[in-house]
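Welcome! Have a look at the chain below, and then we can walk through its overall make-up and two spots in its backbone.

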Amino acid sequence: MPPCKRCNGTDFQRDDATGNSFCCGCGTLQEYDNYEAQLGGVNGPQGTYIRVGTTGTGSTLAYRDKKIFDAGNLIEDIAERLQLGEKSEEIKRMIGKITDGEFGRGEWFSILVGACCYALVRKEGRGGVLTMDEIVGVVGCDLHQLGSMCKRVVEYLGIELEEFDLVGLFVKTASGSPRLSGVDGKKKERVVKQGGFLMNCSLKWFLSTGRRPMPLVVAVLGFVCQVNGVKVRIDDLARDAEVSLCTCKTRYKELLEKLVKVAKEIGLPWAKDVTVKNVVKHSGTLIGLLEAKSMRKKREGRGDELVVSDGVCLKEIVRDCLSKEAMYCYGDDDDDGSQRSSFLQMVSCEDWWKGKSKMCQRLKLKEVLEKDVGLDDDLPISYVKGCDAVERRREKIKAAKLRIDAIQDPCDDDDIVSGRELSLELEDSKKKKRKRGSEIDWEDLVIQTLVLHDVKDEEIEKGHYNTLLSLHVFNCNNLGVKKRRL
């Protein structure tokens, strides 16, 4: 035992009552003289305030039980906020199958819950409409993270997703829009039906192929509101839907261009006067004719060769209406082509729309493609623009290689390159008029950098510049620039 801290004495005695040692010379108690360490592992003795092996003070739940309990509460909360409260048990079963009953906690588990909600709604098809943007707003994750998780959930569970309900999404958006709360009931119903009809037409015209659905829904809603005299700005609709206004305006312009083309294809007598600027004024008549065209079934041939096909005699309808003769109204699924009701007076363009076509409802893609709404052989706009972009990048790659060769081999007389060939001609500049063949934009510089780092032309043509720069340019293991192989 060490000497006394006060008098340095070594004579100590122990008190029988307390068990502490004290100095016989000065009577000072010695600290920590009778201390005994309470050592123990998982199976050690029970503590004074916390029970060994439990989650906390006063808790009797094990870690796994508490994790499953918290996961169940999180699933119910997310499902309730997505208006899927009655399907929370099904979502729990899906997650239990994926995690082998362990569930989980953390950010990844919230994304998994959102992915299961989306997969369940898409699996049921007609059970409702749920977009990934809504789930992202509730879960608070990145859209690409949610999409990747949805793909893994669908592949693991072997779920067959139904077609996305564009008409249902439009009806949901139009019905819940605060901009249409003060609109008359009949006019609002007319807007919803015409919008559903145009959504199916957009599906047939491939306006939705390769695109997010919400900007197209906003564009169609803004268009039908203008046709029916409802004062709603597309800016407000885009803000309410939390989508890019620029994208919505692009879809709106594409829709107008398609309607102008349809007016010419179906043989509208005044089609030459229909342009993108005034197509809204002619849309009441045009939509009515498209509805009649989608509903009408006529017979071709005679006798045993009689064939029923979709179509409408547009010239006959227009001629009779313009001459104030009898106007023909056609019923849906009219097989014999004989049922007609005539009116002695000429009707306005608003009365051309009946809202009885099946194109106003949700249809399968196969059923939509079988309908005749003016255009049949058009390619998807996204595909056409993608091909144009690839061709533009291919030309930029050729120009970049010519510039590099001219710099690396300036004395090569066989490959004399003019200044006009060293840069790509910029003909379609919208924001700024540039002198042809005299300037190089940022994309040319990026492509030139990638070419210097021996990136394959096929990869550059895809346009994923950020990824390619990260892999080949800013990679610490590949900072050297080699001379391009000729």
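## The chain as a whole

Helices and strands here are DSSP runs, with at least four residues for a helix and at least two for a strand, numbered from the N terminus. Counted that way, the chain has 17 helices and four strands. Please keep in mind that this is a predicted model.

How much of the chain counts as buried? Of its 486 residues, the buried share is 40%. The exposed surface comes to about 29,500 Å², and 50% of that is supplied by carbon and sulfur atoms. Among contacts with a separation of 6 or more, 61% are made by residues 24 or more positions apart.

## Two residues with positive phi

Now for the backbone. Most residues other than glycine have a negative phi. With that in mind, two loop residues deserve a look.

Start with Gln83, in the loop between α1 (63-81) and α2 (88-98). Its phi is positive, near 60 degrees, although the residue is not a glycine. Is Gln83 buried or exposed? The relative accessible area of Gln83 is 69%, so it counts as exposed, the cut-off being over 50%.

Next comes Phe103, found in the loop that runs between α2 and α3 (107-124). This residue other than glycine also has a positive phi, near 55 degrees. Phe103 has a relative accessible area of 16% and therefore counts as buried, a class that takes in values under 20%.

## Side by side

To recap, Gln83 is exposed, whereas Phe103 is buried.

Notes:
Residues numbered from 1 in each chain as written. Predicted model: local features only at pLDDT ≥ 70, side-chain atom pairs only at ≥ 80, totals over all residues. Heavy atoms only, no water. Buried < 20%, exposed > 50% of the residue type's maximum accessible area, 1.4 Å probe, protein only. Contact = heavy atoms within 4.5 Å. Areas by Shrake-Rupley, 256 points an atom, 1.4 Å probe, with all protein chains shown as cover.
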